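I set out to record how the strands pair in this model and how the helices pack. The entries below follow the order in which I looked things up.

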Amino acid sequence: GAEVHLVVSATTKRSDLEEILHRFRPLAFNRVLITKLDEARTLGPVLSCVLEHALPVSYLTTGQEVPDDLEPAAPHRLARWLMTPYAPEDAHVVA
């Protein structure tokens, strides 16, 4: 089937994320693309929300230069963002 991506900002509050998921559910999205990792202090709220709703994260953006700052969401990459504070020099390093 078609991949339908819901785009959400990593800076969005948990309660707002829940509302976004509810409002856009009729569009039958089946993936989440997380933007603005470079502006977020933590990924905890957005990741816990998508995990609770069993939504795979497809891509991440770490800056404003698309497509250069767009990357596939690898589990080790998400774990690194979760466990370490953002540092601009790390934005484009694939661990």
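Entry 1. I looked up the partner of Ile34 and found that this residue stands opposite Leu60 in strand S3. The model is a predicted one, and I read every entry here with that in mind. Ile34 lies in strand S2, residues 31-35, and I noted that S2 and S3 pair in the parallel sense, over three bridges.

Entry 2. I then followed the chain between these two strands. From S2 the chain passes through helix H2, residues 44-52, before it reaches S3, and I recorded this β-α-β crossover as right-handed.

Entry 3. I turned to the other pairing of S3. Strand S4, residues 70-72, is joined to S3 by three bridges, and here the two strands run antiparallel. For Thr61, I found the bridge partner in S4 to be Leu70.

Entry 4. I checked how far S3 is covered. Of the five residues in S3 (57-61), four are buried, under 20% relative accessible area.

Entry 5. I went on to the helices. I noted that the axes of helix H1, residues 14-24, and H2 come within 9 Å and cross at roughly 35 degrees. The crossing of H1 past H2 is right-handed.

Entry 6. Which residues of H1 and H2 meet? From H1 I listed Arg14, Leu17, Glu18 and Leu21; from H2, I listed Pro45, Val46, Ser48, Cys49 and Glu52. I sorted the residues of this contact of H1 with H2 into five nonpolar, one polar and three charged.

Definitions and conventions: Residues are numbered from 1 along each chain as its sequence is written. This is a predicted model: local features need pLDDT of at least 70, side-chain atom pairs count only at pLDDT 80 or more; totals for chains, interfaces and linings use all residues. Side-chain values use heavy atoms; hydrogens and water are left out. Buried means under 20% relative accessible area, exposed over 50%, partly exposed in between (1.4 Å probe, protein chains only). Two strands pair if DSSP finds at least two bridges between them. A crossover is right-handed if, with the strands pointing away from the viewer, the path from the first strand over the helix to the second runs clockwise. Axes are lines fitted to C-alpha atoms, for helices over the stretch in contact, and angles run from 0 to 180 degrees between N-to-C directions. A crossing is left-handed if the near helix is turned anticlockwise from the far one by less than a right angle, and right-handed if clockwise. Contact means heavy atoms within 4.5 Å. Ala, Val, Leu, Ile, Met, Phe, Trp, Tyr, Cys and Pro count as nonpolar, Asp, Glu, Lys and Arg as charged, and the others, Gly among them, as polar.
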